[in-house]
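Got your viewer open and a hand on the selection tool? Let's walk through this one stop by stop.

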Amino acid sequence: VSGGWFLAHGEGLRVPLQSWASPDTTRLWVWEPPGFSTAIALGVRSGLGAIDATRLVQALSAAATAFFAALTAAALLPTVAGSAAAALLASLLLLCSPFFWELHGQALSEPLFLFGFAAWAYRTVRTRDGDGTLATVLAVLPFVRWVGLGLIPATAWNVRDGGWRRIVRTVAPALIVLVLWMVFLPSAIGDRTRHLQWIGENLVHLPRDLAITFIHVAVPVRIPARSFFGVVAWLLVAWLWWHVLRGDRDGTDDSARDGTRARFTRLAAGAGGLALILVPTSLLLDASVRFDEQRHVVPGLLLAMIGIAGAIAVAWQRSTETRRGWWLRATFVACAVVWSGAGTYATVAFAREVRRAPLYLAAAEWREAQVLQWVRAQDTDARTRPLVSNQPWALWFHADRVARIVCSPEVDRMLHTGCPVTPADPVALREMLARQHGYLVDITLPWPGVLSVEPLAVQAGLVLVQRFPDGSVWRAP
């Protein structure tokens, strides 16, 4: 969000997460691709604030994702007949999904990526050999989230029947743009590869995390025997897909000639491509990539919703030709109605909970933090003094101040934000604050991976300016 604000004001893609020892107050943001910040910058340039611009991006992304999900489900059908029903069902399943709205209720790049991913799925289903539109979408996706790199081999696999020339035409734009990005900003990869390590605990948690996620998606409300019903629901989905694809394989109807199975397979290749990036990232690079967080698997869940809607429409068409068709249709309708109702109930409950207790930095404890109010209340002269803090993001959002970051010696120098921090030398820190007449703002409200720096302030011999229940302010003697 802050990157979009600085970009819109002509300062480049920078964020207020610079190390305390640097003369600059912001740093170039290369830990994540620039797509999300660029979209926010467009909104800021149009006159919106950074937060409102982010809300606009998330809202438009939600609408566009639902639109392309509907088009993709319709394109899965071999004929126009039933395509409208498939599109309507895909939109219903997606818009009744709690995970969809939980994702769009946060300032994350996933909603924008989901929009591009839905567009990729639509073009993938519509064209077997690829085209310029598919190549363009493929080139843009890695600039929103790095996981989009996994769609390059998936797309190459999907268009392989067109020969090597078709593969090159489709994936070359994405590869060229990626190479240019790395040439101009080599630190985009360097900052990550420098911290490669084996994260074995994530391998242990992977099956359990995926099971929890899929059960919560299948049964979005808390009920007795939730795990049992979740397994039953996914077994029913697996049977539905097997029933649809088996008919195509055996040639029992006209779909053997229209490529229904191939269209479903091309969607599945997209899920496999994402796994090629997510799983190694979780095991080698970023311990925070855990699959019990639905945001990491939402693209796969989007494909599942599209696949379910398309398979129900195909199975409905086939069931009208058999004596058993009535119970198949009744089963599909009942499952869709029950799940949509449960999803709507869970979504409404989530919305009420968020209104009562907003998430993360929007929570009341952050908005009403006394240490942040002290920073906001400073007069013009005091506001020109530089700030150093263990949580500069809170100062930027709630006090409209840019602060450099300092960490407790006990925390990892590679924060969850992806910003390496220079170890704090107490003497150098005191001399810097004395020279610049700055303040050290220690915020004790909890944030993942962040500890209080009061012990560092005491060790540096700083003078306490004021103490609050949620933090303290220090200066050089």
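Start with helix α8, residues 151-158, which is mostly covered: 6 of its 8 residues are buried. Keep in mind as you click around that this is a predicted model. To see which ones are tucked away, select Leu-151, Ile-152, Ala-154, Thr-155, Ala-156 and Asn-158; these are the buried residues of α8.

Stay in that part of the sequence and show the side chains of Trp-157 and Arg-160. The charged end of Arg-160 sits over the Trp-157 ring, 3.8 Å from the ring centre. Try turning the view until you look down on the ring of Trp-157, with the end of Arg-160 over it.

**Two crossing helices**

Next, colour α2 (residues 35-45) and α3. At what angle do their axes cross? Roughly 115°, and the axes come within 8 Å of each other. The crossing of α2 and α3 is right-handed.

Now bring up the side chains at the contact. From α2, pick Phe-36, Ala-39, Ile-40, Gly-43 and Val-44; they meet Ala-50, Ala-53, Thr-54, Val-57 and Gln-58 of α3.

**Salt bridges**

How many salt bridges does the structure hold? There are 6, and we'll visit some of them. In general, side chains of opposite charge can pair when their charged atoms come close.

You already have α3 on screen, so select Asp-52 and Arg-55. They form a salt bridge, with the closest N and O atoms 2.8 Å apart. Both belong to helix α3 (residues 50-76), and because they are 3 residues apart, about one helical turn separates them. As a rule, an α-helix has 3.6 residues a turn, so residues three or four places apart point the same way. Put a surface on and check the two partners: Asp-52 is partly exposed at 40% relative accessible area, while Arg-55 is exposed at 54%.

Jump to helix α15 (residues 325-356) and select Glu-353 and Arg-356, which are also 3 residues apart and about one helical turn from each other. Their side chains meet in a salt bridge, 2.5 Å from N to O. Is Arg-356 buried or exposed? It counts as exposed, at 62% relative accessibility. Its partner Glu-353 is partly exposed, with a relative accessible area of 37%.

For another kind of link, go to Glu-454 and Arg-467, whose side chains meet in a salt bridge at 3.0 Å, N to O. This pair ties together distant parts of the chain: Glu-454 is in helix α21 (residues 454-459), Arg-467 is in strand β6 (residues 463-468), and they are 13 residues apart. Both ends count as partly exposed, Glu-454 at 23% relative accessibility and Arg-467 at 46%.

**An aromatic cluster**

Time for rings. The structure has 13 aromatic pairs, and a good one to select is Trp-5 with Phe-6: edge-to-face, 5.1 Å centre to centre, with 85° between the planes. Trp-5 is partly exposed at 29% relative accessibility, whereas Phe-6 is buried, with a relative accessible area of 4%.

Keep those two displayed and add Trp-396 and Phe-397. Why does this pair count as edge-to-face? Because the planes sit at 90°, and the ring centres are 5.0 Å apart; the edge-to-face label needs planes over 60 degrees apart. Here Trp-396 is buried, at 10% relative accessible area, and Phe-397 is partly exposed, at 34%.

Now look at the four residues at once: ring pairs link Trp-5, Phe-6, Trp-396 and Phe-397 into a cluster.

**Two backbone oddities**

To finish, switch side chains off and look at the backbone. Most residues other than glycine have a negative phi. Which way does Ala-225 go? Its phi is positive, about 60°, although it is not a glycine. You'll find Ala-225 in the loop between α11 (200-218) and α12 (226-250), where it is partly exposed, with a relative accessible area of 45%.

The last stop is Asp-400, also not a glycine, with a positive phi of about 55°. Look for Asp-400 in the loop between α19 (392-399) and β4 (403-405). With a surface on, Asp-400 counts as exposed, at 59% relative accessibility.

Definitions and conventions:
Residues numbered from 1 in each chain as written. Predicted model: local features only at pLDDT ≥ 70, side-chain atom pairs only at ≥ 80, totals over all residues. Heavy atoms only, no water. Helix = DSSP H or I, 4+ residues; strand = E, 2+ residues; numbered from the N terminus. Buried < 20%, exposed > 50% of the residue type's maximum accessible area, 1.4 Å probe, protein only. Salt bridge = Lys/Arg side-chain N within 4 Å of Asp/Glu carboxyl O. Phe/Tyr/Trp six-rings, centres within 6.5 Å; stacked < 30°, edge-to-face > 60°. Lys NZ or Arg CZ within 6 Å of the ring centre and 35° of its normal. Axes fitted to C-alpha atoms, helices over the stretch in contact; angles between N-to-C directions. Left-handed = near helix turned anticlockwise from the far one by under 90°. Contact = heavy atoms within 4.5 Å.
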